[in-house]
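Here is a single chain to read alongside its fold. Keep the sequence and the model open together.

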Amino acid sequence: MTVWYDGACPLCRREIALMRRLDRRRVIHFIDAAEPGTACPLDRADILSRFHVREGERLLSGAAAFAAMWRAIPVLRPLGILAGWRPMTPLFEAGYRIFLRLRPRLQRLLR
């Protein structure tokens, strides 16, 4: 599994630091998409605008990407299964979209 994240975002850096600690099996490859020269599967602006994960051959974004990452971490697996359950997916995606609107304000609080 590969995760692209925004290393220029203090909120994202904190979250990825937590995910790295929880990923004790080291099954996730974390890539800072804000680093110049980093290879990205999409346009860099698109990768930085939403959370992206490659799980096998599938490139996921938003809440689906979080669900995949959570499923790969044993302690978060139940949350990942819940977030990936078809009736719950729209609710998690709606929550993620709300978070995206709040993200700039949250970033300013952490700087």
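The questions below go through the strands, the core and the salt bridges.

This is a predicted model, where local features need pLDDT of at least 70 and side-chain atom pairs count only at pLDDT 80 or more, while totals for chains, interfaces and linings use all residues. Residues are numbered from 1 along each chain as its sequence is written, and side-chain values use heavy atoms, with hydrogens and water left out.

Q: Which residue in E2 stands opposite Tyr5?
A: Helices (H or I, at least four residues) and strands (E, at least two) are DSSP runs, numbered from the N terminus. Strands pair if DSSP finds at least two bridges between them. E1 and E2 (residues 29-32) run parallel, joined by four bridges. Opposite Tyr5, in E2, stands Asp32.

Q: What is the handedness of the β-α-β crossover from E1 through H1 to E2?
A: The test looks along strands pointing away from the viewer: a path that runs clockwise from the first strand over the helix to the second is right-handed. Here the chain leaves E1, passes through H1 and enters E2. This crossover is right-handed.

Q: Which residue in E3 is the bridge partner of Val3?
A: E3 covers residues 52-55. Three bridges pair E3 with E1 in the antiparallel sense. The partner of Val3 is Val53.

Q: Which residues of E1 are buried on the side of Val3, and which on the other?
A: Buried means under 20% relative accessible area, exposed over 50%, and partly exposed in between (1.4 Å probe, protein chains only). In a regular strand the side chains alternate between the two faces of the sheet. Both faces of E1 are covered. Val3 shares its side with Tyr5, and the other side holds Thr2 and Trp4.

Q: Which element supplies the largest share of the largest nonpolar core?
A: A nonpolar core is a set of buried Ala, Val, Leu, Ile, Met, Phe, Trp, Tyr and Cys residues joined through side-chain atoms within 4.5 Å. The largest one has 21 residues, and Met69 and Trp70 are among those touching the most other members. E1 (2-5), H1 (10-22) and H3 (63-72) each give at least two residues. The largest share, eight residues, comes from H3.

Q: Which residues does Met69 touch, not counting residues up to four places away in sequence?
A: Contact means heavy atoms within 4.5 Å. Met69 belongs to the largest nonpolar core. Beyond the excluded neighbours, Met69 touches Met1, Val3, Met19, Ile28, Phe30 and Phe51.

Q: How many residues separate Arg103 and Asp6?
A: A salt bridge is a side-chain nitrogen of Lys or Arg within 4 Å of a carboxyl oxygen of Asp or Glu. The side chains of Arg103 and Asp6 form one at 2.9 Å, N to O. Both residues are buried. Arg103 lies in H5 (residues 89-110) and Asp6 in the loop between E1 and H1, a separation of 97 residues.

Q: Which residues are joined into one network by salt bridges that share partners?
A: Glu93 pairs with Arg50 at 3.0 Å between the closest N and O atoms. Arg97 also forms a salt bridge with Glu93, at 3.3 Å. The two residues are about one helical turn apart because they sit four residues apart in H5. The network consists of Arg50, Glu93 and Arg97.

Q: Why does Ile31 count as buried?
A: Ile31 is in strand E2. Its contacts include Val3, Trp4 and Thr38. Ile31 counts as buried because its relative accessibility is 17%.
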